[in-house]
Structures are given as structure tokens and as C-alpha cells.
Amino acid sequence: MDGAFFGSRGASENQPRGLGDITGVNAIATDTTAWQSLDPFTSATYAAENVGAQLAAFVANPNDALAIAQLKDQTGSNRPLLGTDPTTATKRLIDGVPLLTSPAVAAGNVWGLPGLGQVLIVVREDVKLVRDESVFFTSDRVALRATMRVTTLFPHPAAIQRISLKTADKAS
């Protein structure tokens with residue numbers, strides 16, 4: 001589901017529209033090829049507010065999230081830029097917005113997703129899970145098949161923020 005949501009369905013009509021298929025998303029491009037500050041995230045937060053939305057989460061590729069988490073408040077410091085809450089040590093915050101990870105997010109990109117019904121995942125039917133032991137009876141294996149009918153809706157595309165690093169081939 002993450003692959004479909006954060007990607008693009010391309011020519012397939014069987015796959016739901018992903019963020020890559022949506023027009024009107026606010027694009028924030030950095031002028032660097034590596035994460036160096038949290039300024040693009042602050043820009044995304046305010047850009048969402050300018051269109052009447054609030055970001056519920058930033059979602060990054062795990063490698064990008066690690067690079068962002070390793071940013072320090074100044075040269076020679078060990079104090080991270082990411083906001084930390086001592087009551088929830090594993091929660092990562094940027095300007096009060098949680099930073100989540102998904103391997104389905106393309107490296108060099110972070111999505112700022114609004115809340116309050118501005119990004120919807122609609123399940124048409126309950127998920128069906130079928131278990132079959134017949135094929136694998138000789139090796140004590142079980143086959144599982146899951147079927148889910150789902151689509152995504154993006155009623156307010158301008159509330160969605162896409163932060164992207166400058167690609168190496170465009171850096172020169």
C-alpha cells in the first residue's frame with residue numbers, strides 16, 4: 001500500500017492514484033544535494049497553513065530520515081536539530097510535526113501530509129485473507145493471499161507538500 005500511495009500508478013488502472021499522480025502539490029526544492037537544515041520543513045509547514053491546512057506528518061525514506069536526524073544545531077555540537085520530547089523518546093518532531101519513515105518514499109524526497117480529511121484512503125470492501133495449506137503439505141508451509149480494494153483521494157492537493165533535494169545531475 002505504501003508503494004502505491006507514495007508512488008505513481010503509471011499506465012495501470014488497477015492501482016490507486018498515488019502522490020506522484022497528483023497535480024497541484026506544493027513543491028519545495030532545496031538548493032543542496034544533501035539535507036543541511038530544517039528550513040525546507042518550516043517552509044512546508046507554513047505553505048500548508050497558507051492554504052488552510054496543517055501538516056499531520058512528514059514521511060521520508062529511512063535513509064533521508066537518518067540524515068535529517070543526524071543534523072546538529074551547530075558545528076561541533078552533539079545536540080540534534082530534531083525536536084525531542086522526553087516523555088516519548090522515539091518520537092521525532094520537526095516544528096512539532098512527526099517525522100515518519102517508509103521505504104516506499106523515493107530517496108531525496110520528503111512528503112508533508114495534511115490531516116483532517118485532506119488525504120483519504122478508502123477501502124471498498126473488507127480485506128480478504130485466504131489461507132491454503134494444500135500446496136505446501138510436504139514442507140509444513142502455509143500460503144496466504146490477501147486481497148484489498150482500496151483507493152486514495154486527495155481533495156486538497158495544495159495542502160500536500162513535497163520537499164526534494166537537488167539532484168546530483170542538476171547540481172552543477
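These are my notebook entries on what I looked up in this structure, which is a predicted model.

**Entry 1: the chain as a whole**

I began with the inventory of elements, and I find three helices and 11 strands in the protein chain. Reading from the N terminus, I note the order α-β-α-β-α-β-β-β-β-β-β-β-β-β. For the overall extent, I looked up the box filled by the C-alpha atoms along the principal axes, and I have it as roughly 60 × 40 × 35 Å.

I then turned to burial and surface. The chain has 172 residues, of which 34% count as buried, and its accessible surface comes to about 10600 Å², with 51% of that belonging to carbon and sulfur atoms. When I take the contacts with a separation of 6 or more, residues 24 or more positions apart account for 72% of them.

**Entry 2: the nonpolar cores**

Which residues touch the most other members of the largest nonpolar core? I find that they are F41, F58 and I68, in a core that counts 21 residues. The elements that give two or more residues to this core are α2 (39-50), β2 (55-60), α3 (62-69) and β5 (97-101).

I followed I68 further and, leaving aside its neighbours within four places in sequence, I list its contacts as W35, L38, F41, L82, I94, L99 and V110. Apart from this core I also find another one, of 12 residues, which includes I22, V59, V105 and W111.

**Entry 3: the largest pocket**

I looked next at the largest pocket, where about 150 Å³ of space lies. Its lining is made up of 15 residues, and those closest to the centre are F6, L19, G20, W111 and R162. W111, which I had already written down as a member of the 12-residue core, is thus listed here again, among the residues closest to the pocket centre.

When I sort the lining by class, I get nine nonpolar, five polar and one charged residues. As for the elements involved, β1 (26-29) and β6 (109-114) each supply at least two residues of the lining.

**Entry 4: I28 and T32**

I went to strand β1 and picked out I28. Is I28 buried or exposed? I count I28 as buried, because its relative accessibility is 13% and the limit for that class is under 20%. Outside the four nearest places in sequence, I28 is in contact with P40, S43, A44, Q161, R162, I163 and S164. One of these partners, S43, is 15 residues away in sequence, and I read the C-alpha to C-alpha distance between I28 and S43 as 7.8 Å.

T32 lies in the loop between β1 and α2, and T32 also counts as buried, at 18% relative accessibility. Beyond four places in sequence, I find T32 in contact with L165 and K166. I also checked T32 against S164: the two are 132 residues apart along the chain, yet their C-alpha atoms are separated by 9.4 Å.

**Entry 5: D95**

D95 is found in the loop between β4 (88-94) and β5, and at 47% relative accessibility I enter D95 as partly exposed. What caught my attention is the backbone, for phi of D95 is near 50 degrees, a positive value in a residue other than glycine. I set this beside the general rule that most residues other than glycine have a negative phi.

**Entry 6: V127 and D132**

V127 sits in the loop between β7 (120-123) and β8 (128-132). I class V127 as partly exposed, because its relative accessible area of 48% falls between the 20% and 50% limits. Which residues does V127 touch, not counting those up to four places away in sequence? I find T147 and M148, and for T147, which is 20 residues away along the chain, the C-alpha atoms are separated by 5.7 Å.

D132 is found in strand β8, and I enter D132 too as partly exposed, with a relative accessible area of 31%. Its contacts, leaving aside neighbours within four places in sequence, are with V142 and A143. Last, I checked D132 against L165, and I note that the two are 33 residues apart in sequence and 46 Å apart in space, C-alpha to C-alpha. L165 is the residue that I had listed earlier as a contact of T32.

Technical notes:
Residues are numbered from 1 along each chain as its sequence is written. This is a predicted model: local features need pLDDT of at least 70, side-chain atom pairs count only at pLDDT 80 or more; totals for chains, interfaces and linings use all residues. Side-chain values use heavy atoms; hydrogens and water are left out. A nonpolar core is a set of buried Ala, Val, Leu, Ile, Met, Phe, Trp, Tyr and Cys residues joined through side-chain atoms within 4.5 Å. Buried means under 20% relative accessible area, exposed over 50%, partly exposed in between (1.4 Å probe, protein chains only). Helices (H or I, at least four residues) and strands (E, at least two) are DSSP runs, numbered from the N terminus. Contact means heavy atoms within 4.5 Å. On a 1 Å grid over the protein atoms alone, a cavity is a set of points where a 1.4 Å probe fits but cannot get out, and a pocket is an open set with protein on both sides within 12 Å along at least five of seven lines; lining residues have an atom within 4 Å of a point. Grid points are joined across faces, edges and corners, and a volume is the space filled by probe spheres set on the points. Ala, Val, Leu, Ile, Met, Phe, Trp, Tyr, Cys and Pro count as nonpolar, Asp, Glu, Lys and Arg as charged, and the others, Gly among them, as polar. Accessible areas come from the Shrake-Rupley method with a 1.4 Å probe; for residues, only the protein chains shown count as cover.
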